[in-house]
Amino acid sequence: METLERIKLIYSFTDEDASNLRYLSVIMKSNANDFISGVYSFISNFQDFSKFLPDDEIKNRHQEKLKLWFAGLFSGTYSNEYLRRLKRIGEVHADIKLPSHYVSATMNYIRNYIHDIILKNFQNLDKNKIDELIVSVNKILDINLDIIISSYIDEGKFYIAATKFETKIVKFSSKFSYILDLALIISLIIATIMVFLLFAFEIYDLAFAGGNFETTVVDILGAMLIIWAIRELLEEEVKKLQGHKFALSAFIGLAMAALLRKILIFTLAPRKSTEVAILGFLVLVLGIVYWLMNKSPKS
Ligand code: HEM
């Protein structure tokens with residue numbers, strides 16, 4: 001979770017940097033068209049340039065947005081809204097599967113381009129001032145690259161909080177959800193132990209208390225089904241704790257296992273054919289949902 005204040009702190013981006021960048025805005029605005037032609041002649045060398053920017057409509061739109069982004073670098077005001085826009089740029093590029101190297105290489109070109117403009121247009125300035133301007137440009141470009149590439153790495157994880165209060169709430173809920181996940185794992189382990197006890201009890205009942213052989217076999221099969229489903233759930237929960245996405249299909253698996261267990265038990269009881277038919281239908285529906293969910297795991 002990030003706020004602009006934190007990013008500024010990390011990069012030691014001060015009000016001085018903001019005013020340096022504002023100082024450059026007039027000269028940069030007058031070079032905006034030249035900037036676009038420079039960037040485009042640079043990125044047109046990328047092997048699949050025309051795959052990403054296939055026609056004039058998309059190119060024009062991109063150029064307009066690139067121009068706005070360029071002007072934004074020198075606006076001098078960098079709010080959380082600015083951060084959110086950068087995150088969105090990263091997401092748009094990630095969505096079209098643009099290799100992140102292309103963005104980094106283009107940023108490198110842009111850095112050199114801006115340095116050249118400063119060196120050409122501010123020869124009359126003190127050397128220290130020129131160095132300061134360049135340092136501020138480097139900071140804002142690094143911040144841009146950082147945010148854009150971060151939203152490439154994990155779109156879901158990268159989150160920008162609007163206020164400190166929001167930051168606290170989100171931190172609290174993520175800790176709370178972590179504790180809930182741990183509690184769930186412990187409950188699942190206890191549930192597995194209980195099913196194992198049931199398992200042992202069935203065998204004891206058969207061996208020493210004269211239990212019905214057929215019923216015992218079916219009960220044991222049912223218990224094994226439940227253990228298998230709980231194991232799947234446990235595995236998913238552990239994966240979630242390790243930062244992966246939770247596969248909802250594990251729950252569907254558990255529901256199917258529970259229904260199949262009931263069917264196994266009902267098949268032994270006389271006059272239960274309607275219930276068995278209903279349960280069979282439910283298993284069929286859950287099976288279709290399970291299949292659809294696993295058909296395309298990414299979506
Ligand atoms: C530093 C490098 C780059 C910057 C700052 C940048 C900036 C932007 C911006 C501001 C947008 C609009 C995002 C939105 O809709 O909110 C965008 C979209 C896009 N960018 Fe880039 N871009 C960069 C590099 C590239 C490169 C190297 C390519 C391709 C070779 C590319 C292709 C595209 C495409 C295809 C879109 C979507 C255009 C659309 O359909 O509207 N970008 N970019």
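The following questions and answers concern a predicted model with a ligand.

Biologist: Which domains does the assignment give, and what distance separates their centres?
Modeller: The domain assignment of the protein gives domain 1 as 4–162 and domain 2 as 171–295. Taken over C-alpha atoms, the centres of domain 1 and domain 2 are separated by 53 Å.

Biologist: Which residues come nearest to the ligand?
Modeller: The ligand has 19 residues around it. By type, that shell divides into 13 nonpolar, three polar and three charged residues. Those that come nearest are F52, R61, H62, K65 and H93.

Biologist: Which atom of the ligand lies 2.7 Å from a polar side-chain atom of H93?
Modeller: Polar contacts are counted between N or O atoms within 3.5 Å. R61 has a side-chain N or O atom 2.7 Å from an oxygen atom of the ligand, and a polar side-chain atom of R88 is 3.2 Å from a ligand oxygen atom. For H93, the ligand atom at 2.7 Å is a nitrogen.

Biologist: Which element gives the largest share of the shell around the ligand?
Modeller: Two or more residues each come from α5 (56–73), α6 (80–95) and α7 (100–121). The largest share is five residues, and the element that gives it is α5.

Biologist: Is the aromatic pair of Y40 and F49 stacked or edge-to-face?
Modeller: A pair of aromatic rings is described by the distance of the centres and the angle of the planes. The count of such pairs here comes to 15. Y40 and F49, both buried, have ring centres 6.0 Å apart and planes at 85 degrees. Planes over 60 degrees apart count as edge-to-face, so the pair of Y40 and F49 is edge-to-face.

Biologist: Which residues form one aromatic cluster?
Modeller: F52, one of the residues that come nearest to the ligand, belongs to the cluster. The full list is F35, F42, F46, F52, F70, F74, Y102, Y109 and Y113.

Biologist: What residue lies over the face of Y23?
Modeller: A charge counts as sitting over a ring if NZ of Lys or CZ of Arg is within 6 Å of the ring centre and within 35 degrees of the ring normal. At Y23 the distance from the ring centre is 5.7 Å, and the residue is K129.

Biologist: Is D15 buried or exposed?
Modeller: D15 lies in helix α2, residues 15–30. In space D15 is 8.7 Å from G76, C-alpha to C-alpha, although the two are 61 residues apart in sequence. The relative accessible area of D15 is 67%. Over 50% counts as exposed, so D15 is exposed.

Definitions and conventions: Residues are numbered from 1 along each chain as its sequence is written. This is a predicted model: local features need pLDDT of at least 70, side-chain atom pairs count only at pLDDT 80 or more; totals for chains, interfaces and linings use all residues. Side-chain values use heavy atoms; hydrogens and water are left out. Domain bounds come from an automatic or database domain assignment. A residue is near a molecule or strand if one of its heavy atoms lies within 4 Å of it. A polar contact is a pair of N or O atoms within 3.5 Å; within protein, one must be able to donate a hydrogen and the other to accept it, and residues adjacent in sequence count only if both atoms are side-chain atoms. Helices (H or I, at least four residues) and strands (E, at least two) are DSSP runs, numbered from the N terminus. Ala, Val, Leu, Ile, Met, Phe, Trp, Tyr, Cys and Pro count as nonpolar, Asp, Glu, Lys and Arg as charged, and the others, Gly among them, as polar. Rings of Phe, Tyr and Trp (its six-membered ring) pair if their centres lie within 6.5 Å; planes under 30 degrees apart count as stacked, over 60 as edge-to-face and the rest as tilted. Buried means under 20% relative accessible area, exposed over 50%, partly exposed in between (1.4 Å probe, protein chains only).
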